[in-house]
There are 2 protein chains.
Amino acid sequence: MSDPASFLHRSLPEAVYLELRRKILNNEYEAGQRLVEAPLAEELGVSRSTVREALRQLNTDGLVDISPRRHSVVTRMSYEEIRDACYARFVLEAGAARLLTFQKDPIVDRLQAVVDRMAATAAGGDVAAMIDLDTEFHSCIIDAAGKHRLAALWRTLDAQMGALMRSSIDRQHIGLDEAARRHQQVVDVFRVGTAEDFVQILEEHYLGTVDSMAQAGVLDSAAAFKP
Amino acid sequence: MSDPASFLHRSLPEAVYLELRRKILNNEYEAGQRLVEAPLAEELGVSRSTVREALRQLNTDGLVDISPRRHSVVTRMSYEEIRDACYARFVLEAGAARLLTFQKDPIVDRLQAVVDRMAATAAGGDVAAMIDLDTEFHSCIIDAAGKHRLAALWRTLDAQMGALMRSSIDRQHIGLDEAARRHQQVVDVFRVGTAEDFVQILEEHYLGTVDSMAQAGVLDSAAAFKP
DNA sequence: CGACCGCTGATTGTCGACCGTCGACCGCCT
DNA sequence: AGGCGGTCGACGGTCGACAATCAGCGGTCG
């Protein structure tokens, strides 16, 4: 993100990648939609090779599924896959959190500030902004641990979850106040508790997230098989 | 690995990717070596596009660094980066382990079997086989948790570490018996302990690994600042 | 009437060529 | 002699064309 050289030489594939990524994450392309190289290339004014490279990148991000010799589609995750990704994200965040000093860690002020903004945003009903704040909140924790690689992995998973959350909250307009409250709870535990307490409430927090996504019916077909 | 469709349609880029990956992981290419597209293409009998795609894939695996408009090189990790990757691997494995039932989990037999083979291998002094067994050992734990996404992330990190371990153990021919003993210790804790005990010994296990790599001088930390 | 089989269109796979850019080298100016 | 600007070679970036392959469709045969 803060790599100074990445602003210069933002290559064509990188730009295409970012554009397609943005559209997928904003649900301008819905899950399962076909992404055909040639039309995208013409639409974006580049050649197929360029689009192709961007699609491969999106594939490794888990945002696009590529069927060999067939066509690419926006990833549609099963309930199982969503749970797995969510759990992996939780595990990484817990791994970051256990490195922090609790109670007197200055990070708590930053977290509180984000939660305050969440409360304000919840009142306004801006779903997209809320999800961005969620990412910002957890990023604080991840970044504070100073583990760059771990943070990178987390960010990939978070982006995917963000896309799902967008589409889930879009469908049922509840939970913004609830979300703000949940995060406040996390901060409170951070203030007075230990790493163990924190991990526990974090896990509940994540489970709540995947549950609300499940109930929102984001997972179209596989939802029926939920235990 | 177990994807049935992956045997069919093993495309050219995939094959090239696997071949280059194998060479990097076996240290047939040393860290920092330049990987120029055109010569590689000719050597492998494919076009530059194909090699290019394989290099991108290796890049996202963290095995190759790509400098825009310049050339690609085999990744040379700093001490910090190694520690980060190692820690992330540990976090993921701990996240898998906490889902297991301890003491009576049937996995322990499989783990013990691997350790037994380790002991035999240590006597023979086969470094490469030992590293493969290490991967197999930890894979048992990861796979037993049944979290596919988490396992995939772990595997990527493990492959990188494997490359480093190969080159570190190559340089100092000690530690094979020591490695076997360490893993036996992990199994013992698994037998009688709880998830918390296990995570603790696992962390020591990982720290020991990164330390021995550090001492082996894999990370030319001084060389990093040298022209 | 249904199942099978080959045609066909759509889409990706692969390639070689041309273009732009970067760093290295060299000669000139101070 | 040292710094600087220009030139050159090397390499990645981008492209359009051609080949391979798959799914769906329509015709045909049992």
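## Helices, a small sheet and a two-fold pair

The buried residues of helix α5 of chain A are covered by elements that include α6 and α8 (176-192) of chain A. Contact here means heavy atoms within 4.5 Å. Buried means under 20% relative accessible area, exposed over 50%, and partly exposed in between (1.4 Å probe, protein chains only). Helices (H or I, at least four residues) and strands (E, at least two) are DSSP runs, numbered from the N terminus.

This is a predicted model: local features need pLDDT of at least 70, side-chain atom pairs count only at pLDDT 80 or more, and totals for chains, interfaces and linings use all residues. Residues are numbered from 1 along each chain as its sequence is written, chains are lettered from A and ligands numbered from 1 in the order in which they are written, and side-chain values use heavy atoms, with hydrogens and water left out.

**Helix α5 of chain A.** The buried residues of α5(A) are Ile107(A), Val108(A), Leu111(A), Gln112(A), Val114(A), Val115(A), Met118(A), Thr121(A) and Ala122(A). An α-helix has 3.6 residues a turn, so residues three or four places apart point the same way. After α5(A) comes Gly125(A), with a positive phi near 75 degrees.

**Helix α6 of chain B.** Asp126(B) caps the N-terminal end of α6(B), with a side-chain oxygen 3.3 Å from the backbone nitrogen of Ala128(B). A polar contact is a pair of N or O atoms within 3.5 Å; within protein, one must be able to donate a hydrogen and the other to accept it, and residues adjacent in sequence count only if both atoms are side-chain atoms. Buried residues of α6(B) include Val127(B), Met130(B), Asp134(B) and His138(B). Just after α6(B), Gly146(B) has a positive phi of about 70 degrees.

The table sets out the lengths of these helices. The expected span is 1.5 Å times one less than the number of residues.

| Helix | Residues | Number of residues | End-to-end C-alpha distance | Expected span |
|---|---|---|---|---|
| α5(A) | 107-124 | 18 residues | 26 Å | 26 Å |
| α6(B) | 127-144 | 18 residues | 26 Å | 26 Å |

**The sheet of chain B.** Three strands form an open sheet in the order β1-β3-β2, with antiparallel pairing. β1 (34-35) and β2 (64-66) stand at the edges, each with a single partner strand, so one side of each has no neighbour in the sheet. Strands pair if DSSP finds at least two bridges between them. β2(B) and β3 (residues 72-74) pair over three bridges. Ile66(B) stands opposite Ser72(B) in β3(B). Helix α3 (residues 48-60) of chain B lies across β1, β2 and β3, at about 110 degrees to β2(B). Axes are lines fitted to C-alpha atoms, for helices over the stretch in contact, and angles run from 0 to 180 degrees between N-to-C directions.

**Three residues.** Thr50(A) lies in helix α3 of chain A. Thr50(A) is buried, at 13% relative accessible area. Beyond four places in sequence, Thr50(A) touches Leu12(A), Pro13(A) and Val16(A). Lys147(A) sits in the loop between α6 and α7 (148-171) of chain A. Lys147(A) is buried too, at 11%. Outside its neighbours within four places, Lys147(A) contacts Leu99(A), Arg83(B), Asp84(B) and Tyr87(B). Ala214(B) belongs to helix α9 (residues 195-215) of chain B. Ala214(B) is partly exposed, at 22%. The C-alpha atoms of Ala214(B) and Arg83(B) are 9.4 Å apart, with their positions 131 residues apart along the chain.

**The two chains.** Chain A can be laid on chain B with an RMSD of 0.1 Å by a turn of 180 degrees and a shift of 0.0 Å along the axis. That is the relation of a two-fold axis. Copies are superposed by least squares on the C-alpha atoms of residues with pLDDT of at least 70 in both. Of the interface residues of chain A, 93% are also interface residues in chain B, so the copies meet through the same surface.
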